[in-house]
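Let's take a walk through this protein, one region at a time. Keep the sequence handy as you go.

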Amino acid sequence: MVENEENFKNTVMYQSQADENFHLFFKIESFLLDIPHFHDSIEMIFMLHGETKAHINGKLHTIKEGQICFCAKGQVHYYDNAQKNHKAICLVLSHGYTHHFRLQYKDATLPAVMGNIEENKEIFNLLLNWLDYENKSYLYNCAQINLLFDMIIKKYGIEKPEKSTKNDNSIKFINYIN
């Protein structure tokens, strides 16, 4: 069984629907994707309750209640769902929604873990209000996303992207197709 599980974790899936034009996945989830995958979109997990283990490009991060996890484009990532009582806001943004961030900051990225629970309260409030708003339009979503990036950058700054060659050819091929 361990051998099959290890083979399963070594299998990486390209999640193509996340890279569709103007794809926005924004929901409260109690189950986070536990299959190693990557996409050209960015992904953020905002832990509302409990904790999970995030595997990002071969590094293990524990994400606790009130903390934020960020996966940059092309990073292989998955989550452990061993704790059955966790709940998180999952946000996946394709290029159509990250255009201004990419124009301003080029290849810069956000930290993988943003752990200051006090600083994150304002960010979580923004997300919960955004989730509750009923008349979400493309422009409204763009405004909320840009406000979210602004808040995070002011609190945590930006980083240079981690050099990774593991999926570089796959990403170049996907970008060529797109």
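What follows is a tour of a sheet, its surroundings, the cysteines and a patch on the surface. Bear in mind that this is a predicted model.

Start with the sheet. It's an open one with five strands, and if you read across it the order is β2-β9-β4-β7-β10, with antiparallel pairing. At the edges sit β2 (24-29) and β10 (113-114), each of which pairs on one side only. Now zoom in on β4 (residues 42-49) and β7 (residues 68-71), which run antiparallel to each other and are joined over four bridges. If you want a landmark there, look at F46, which stands opposite I68 in β7.

Next, find I63, in strand β6 (residues 59-64). With a relative accessibility of 0%, I63 counts as buried. What is I63 in contact with, once its neighbours within four places in sequence are set aside? The list is M47, G50, E51, T52, A54, I68, C69 and V113. Take M47 from that list: I63 and M47 are 16 residues apart in sequence, yet their C-alphas are 7.0 Å apart in space. I68 is on the list too, and that's the residue you just met opposite F46.

On to the cysteines. How many disulfides does a search of the whole structure find? Zero. C71 isn't in one; its nearest cysteine sulfur belongs to C69 and is 4.5 Å away, while a disulfide needs the two sulfurs within 2.5 Å. C71 is also buried, at a relative accessible area of 0%. As for C90, its closest cysteine sulfur is the one in C71, and at 9.1 Å that's too far for a bond. C90 counts as buried as well, because its relative accessibility is 8% and the cut-off for buried is under 20%.

Now slide along to S94, in the loop between β9 (87-93) and α2 (95-105). Is S94 buried or exposed? It counts as buried, with 2% relative accessibility. Beyond the neighbours within four places in sequence, S94 is in contact with A18, E20, N21, F22, H23 and S41.

One of those contacts, F22, takes us to the surface. Together with Y138 and L139, F22 makes a nonpolar surface patch of about 330 Å². Y138 belongs to helix α4 (residues 138-156), and at 37% relative accessibility Y138 counts as partly exposed. So from the buried S94, you can step to F22 and come out at that patch.

Technical notes. Residues are numbered from 1 along each chain as its sequence is written. This is a predicted model: local features need pLDDT of at least 70, side-chain atom pairs count only at pLDDT 80 or more; totals for chains, interfaces and linings use all residues. Side-chain values use heavy atoms; hydrogens and water are left out. Helices (H or I, at least four residues) and strands (E, at least two) are DSSP runs, numbered from the N terminus. Buried means under 20% relative accessible area, exposed over 50%, partly exposed in between (1.4 Å probe, protein chains only). Contact means heavy atoms within 4.5 Å. Patches are made of residues with over 30% relative accessible area and no salt bridge: like charges are joined within 9 Å, nonpolar side chains (Val, Leu, Ile, Met, Phe, Trp, Tyr) within 5 Å. Accessible areas come from the Shrake-Rupley method with a 1.4 Å probe; for residues, only the protein chains shown count as cover. A salt bridge is a side-chain nitrogen of Lys or Arg within 4 Å of a carboxyl oxygen of Asp or Glu. Two strands pair if DSSP finds at least two bridges between them.
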